[in-house]
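Colleague: Got a minute to walk me through this model? I'd like to start with the packing and then look at charges and odd backbone spots.

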Amino acid sequence: MKNFNQSLPDMDALQQIPILTLEDEDCGFQHQFSVRETYPFHTHTFYEFFLISKGKGIHRINDASILLSEGSFVFVRPQDRHGYDFLNQYDLELINISFQPPIFHKICGLLGCPRSFFTDSPLSLHTELTEPLLSDIRGKMLHIGDLEPGAGRRLYLSSVLPFFLYQFCPGPSLQEASPLPGWLSALIREMEKPENFIEGLPRLLSLASLSQEYLNRSFRRFLHMSPTEFINIKRMDYAAGLLLETGLEVIEICQECGIHNLSYFYRIFRKQYGCSPKEFIRLNQEGRQ
């Protein structure tokens, strides 16, 4: 295995490294379980995010070597030269989302952030995610991979990429919030499971074995939302997937998410996605034509 001290390629080698493209695709997805599965040192014509889901390794980027560990979230730009190496006996698992430059330009406009902040530094932008943000971003990236290439994937991608890029914006970052207590981190991991968030607040109270008042205070303090808001975010992510992947009626999806009031389901879905479930389906269908 290669170690941290391996030297970078010489200049002749750098001039001949492969250039990757997405061709006509709007979005690429890879879930790789070892450095051996990653592409050799290369450059490309697109932007990408990658997240280290497990393990440790080395990111060789331009003229530097950066340590990667679980939670490393990295934004890589076109023309960056990069690849991955082993770190002694360690290996890593990573999730990668790639997309075309016009999409990046639109996101910068939405965020009101100059492109130069993301593009002018010698190295790509790198941050370390902690819970619950780590699980949230990991889940969203994996969901992109679950969707078939096409309009459905493009629609979901457009909804999550601004959130990904926001992690690197100037100013306070979400991961700078107070560290989560161990019991709350464990509870969040359990509530990531569909069988738990579908059951909703009663299941959360059962798993926590704490009073609802104490849970409300803790969720407000550490997550800046109520337990019900946290559960509804998970339910609506799940509902969006069902809308894109199944032929179920909206009322059936409402029930599948553990909600028994259709008007309430419409209200919280619109709050999260900016449109009704039926409009969400229509936009997806129009994109396929």
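Modeller: Sure, here is a quick tour, and keep in mind that this is a predicted model.

Colleague: At what angle do helix 10 and helix 12 pack?

Modeller: About 90°. Their axes are 10 Å apart. Helix 10 covers residues 227–245, and helix 12 covers residues 262–273. Angles of 65 to 115 degrees count as roughly perpendicular, so these two helices are roughly perpendicular to each other.

Colleague: Which residues make the contact?

Modeller: On helix 10, they include I233, M236, A240 and L243. On helix 12, Y264, F265, I268 and F269 are among them. By class, the contact has ten nonpolar, three polar and three charged residues.

Colleague: Switching to charges. How many salt bridges are there in the whole structure?

Modeller: A search finds twelve. One of them pairs R60 with D85, with the closest N and O atoms 2.9 Å apart.

Colleague: Where do R60 and D85 sit?

Modeller: R60 is in strand 4 and D85 is in strand 7, so the pair ties together parts that are 25 residues apart in sequence.

Colleague: Are R60 and D85 buried or exposed?

Modeller: Both R60 and D85 are buried.

Colleague: What about D136?

Modeller: D136 bridges to K140, with the closest N and O atoms 2.6 Å apart. The two are four residues apart in helix 4, which means about one helical turn separates them. D136 and K140 are buried too.

Colleague: And K193, what does its side chain meet?

Modeller: The side chain of E190, in a salt bridge of 3.2 Å, N to O. K193 is partly exposed, at 34% relative accessible area. E190 is also partly exposed, at 29%.

Colleague: Which residues are joined into a network by shared salt-bridge partners?

Modeller: D136, K140, E192, K234 and D237 form one network. D237 also takes part in the contact of helix 10 with helix 12.

Colleague: Now the backbone. Which peptide bond is cis?

Modeller: The one from E131 to P132, with omega near 5°. P132 is in the loop between strand 9 and helix 4.

Colleague: What is odd about Q79?

Modeller: Its phi is positive, about 75°, although Q79 is not a glycine. Q79 is in the loop between strand 6 and strand 7. At 57% relative accessibility, Q79 is exposed.

Colleague: And what is phi of S209?

Modeller: Near 55°, again positive in a residue other than glycine. S209 lies in the loop between helix 8 and helix 9. S209 is exposed, at 62% relative accessible area.

Terms used: Residues numbered from 1 in each chain as written. Predicted model: local features only at pLDDT ≥ 70, side-chain atom pairs only at ≥ 80, totals over all residues. Heavy atoms only, no water. Axes fitted to C-alpha atoms, helices over the stretch in contact; angles between N-to-C directions. Parallel < 35°, antiparallel > 145°, perpendicular 65-115°, else oblique. Contact = heavy atoms within 4.5 Å. Nonpolar A, V, L, I, M, F, W, Y, C, P; charged D, E, K, R; others polar. Salt bridge = Lys/Arg side-chain N within 4 Å of Asp/Glu carboxyl O. Buried < 20%, exposed > 50% of the residue type's maximum accessible area, 1.4 Å probe, protein only.
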